[in-house]
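Work through the exercises below with the structure in view. Each one sets a task and then solves it step by step.

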Amino acid sequence: MTETAMRVAFVTGASRGIGRAISTRLAMPVEKGGGGRHVVLVSRSAGPLEDLRSSIEAEGGSASVCACDVGDRAALAAAVEGVVKERGRLDILVNNAGITRDNLMLRMSDAEWDEVIGVNLTSAFVAIRASARAMMKQRFGRIVNIASTSGIVGNAGQANYAAAKAGLVGLTKTIARELGSKGVTANVVAPGFIETDMTSNLPPSVKEQVSSMTATSRLGKPEDIAAAVAYASSDDAGFLTGQVICVDGGMTMC
Ligand code: NDP
């Protein structure tokens, strides 16, 4: 693929944590171990995305910034369609933006349920629907949805979050079946416990407990997830579709 036809990736939740690591990995030049993609960096505030764009460009990579609330369906669809229009293609979609609003099920409010389903699940559907035509026309597409082991084995206090993440699995498998013959793959990467802002408030005792539950005796790093996404979104992964890749240090082995 030539420089002018560089593959374009759209990564949500790019400002920090796992999304930042994914964006960096995909955008780094190939000679520096990256994917050599142009990455459209998406999250709500432009500031942190501009910082990331600068650091990617300083390493010789290519990125652009798109401030968008993925909970706003119209804005998200317009953002995806804008990328297709401006860049003439969209090759990789990584639905990574996610939030938690934890509560025991009996205490969970409608607002806590709706917000998590909207940001963590509905946004993925909206972005996939907005991307699919361009990917089918290209006869190439890589969709990677970031779920969670909570969506596979459940987690007390996370009815909304686990339902959204389990929903991503069903969505992904269906998309894989609908679009596979057009060269478009869809997979889930399901992280276990990864050290980011999302998990920073947990007490050290909980982190130690989780660490001891893994086969690797450690918590995950954002780069562990980025490595799996790099493969699932690569040209080489054309025969990998409808899969759930758990990256959890062997915690669940599911
Ligand atoms: P962080 O809380 O560190 O980062 C979340 C990212 O999502 C930020 O970039 C944030 O940007 C963005 N985001 C949140 N809400 C919106 C929104 N409405 N619109 C656009 N962007 C939004 O989370 P992690 O990096 O830890 O998690 C990334 C993904 O991995 C999530 O889907 C999460 O559920 C999943 N995951 C994480 C695990 C972990 O242990 N950390 C375990 C399993 C799954 P901003 O606030 O600037 O908009």
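**Exercise 1. Find how many cavities of 30 Å³ or more there are, and describe the lining of the largest cavity.**

Solution. The model is predicted.

Step 1. Take the count: there is 1 cavity of 30 Å³ or more.

Step 2. Take the volume: the largest cavity holds about 50 Å³ of space.

Step 3. List the lining. From the earlier part of the chain come Thr-12, Asn-95, Asn-96 and Ala-97, then Val-119, Asn-120, Ser-123 and Ala-124, and finally Ile-146, Lys-165 and Leu-168.

Step 4. Assign the lining to elements. H4 and H6 each give two or more residues to the lining of the largest cavity. The largest share, 4 residues, is that of H4.

Step 5. Sort by class: 5 of the lining residues are nonpolar, 5 are polar and 1 is charged.

**Exercise 2. Describe the largest pocket: its volume, its lining and the elements that contribute to the lining.**

Solution.

Step 1. The volume of the largest pocket is about 1,400 Å³.

Step 2. The lining of this pocket has 50 residues, and those closest to the pocket centre are Thr-100, Tyr-161, Thr-196, Met-198 and Thr-199.

Step 3. Two or more lining residues come from each of H1, helix H4 (110-138), helix H5 (150-153), H6 and helix H7 (204-213). H7 has the largest share, with 4 residues.

Step 4. By class, 21 residues of the pocket lining are nonpolar, 21 are polar and 8 are charged.

**Exercise 3. Locate the ligand and describe the residues around the ligand.**

Solution.

Step 1. Place the ligand: the space it takes is the largest pocket.

Step 2. Pick out the neighbours. The ligand has 29 residues around it, and the nearest are Ser-15, Arg-44, Asn-96, Tyr-161 and Thr-196. Tyr-161 and Thr-196 are also among the residues closest to the centre of the largest pocket, and Asn-96 is one of the residues that line the largest cavity.

Step 3. Assign the shell to elements: helix H1 (17-27) and helix H6 (159-179) each supply at least two of its residues.

Step 4. Sort the shell by class. The result is 14 nonpolar, 10 polar and 5 charged residues.

**Exercise 4. Which atoms of Ile-18, Val-70 and Lys-165 lie 2.8 Å or 2.9 Å from an atom of the ligand?**

Solution.

Step 1. For Ile-18, a polar backbone atom is 2.8 Å from an oxygen atom of the ligand.

Step 2. For Val-70, a backbone N or O atom lies 2.9 Å from a ligand nitrogen atom.

Step 3. For Lys-165, the atom is a polar one of the side chain, 2.9 Å from a ligand oxygen atom.

Step 4. Add the cover: on its own the ligand has 880 Å² of accessible area, and the protein covers 95% of that. Lys-165 also lines the largest cavity.

**Exercise 5. Where are Arg-139 and Met-253 found, and what is the phi of each?**

Solution.

Step 1. Arg-139 is in the loop between H4 and strand E5 (141-146). Its phi is near 55°, a positive value in a residue other than glycine.

Step 2. Met-253 belongs to the segment after strand E7 (244-247). Met-253 is not a glycine either, yet its phi is positive, at about 50°.

Notes:
Residues are numbered from 1 along each chain as its sequence is written. This is a predicted model: local features need pLDDT of at least 70, side-chain atom pairs count only at pLDDT 80 or more; totals for chains, interfaces and linings use all residues. Side-chain values use heavy atoms; hydrogens and water are left out. A residue is near a molecule or strand if one of its heavy atoms lies within 4 Å of it. A polar contact is a pair of N or O atoms within 3.5 Å; within protein, one must be able to donate a hydrogen and the other to accept it, and residues adjacent in sequence count only if both atoms are side-chain atoms. Accessible areas come from the Shrake-Rupley method with a 1.4 Å probe; for residues, only the protein chains shown count as cover. On a 1 Å grid over the protein atoms alone, a cavity is a set of points where a 1.4 Å probe fits but cannot get out, and a pocket is an open set with protein on both sides within 12 Å along at least five of seven lines; lining residues have an atom within 4 Å of a point. A molecule sits in a cavity or pocket if more than half of its atoms lie within 2 Å of its grid points. Ala, Val, Leu, Ile, Met, Phe, Trp, Tyr, Cys and Pro count as nonpolar, Asp, Glu, Lys and Arg as charged, and the others, Gly among them, as polar. Grid points are joined across faces, edges and corners, and a volume is the space filled by probe spheres set on the points.
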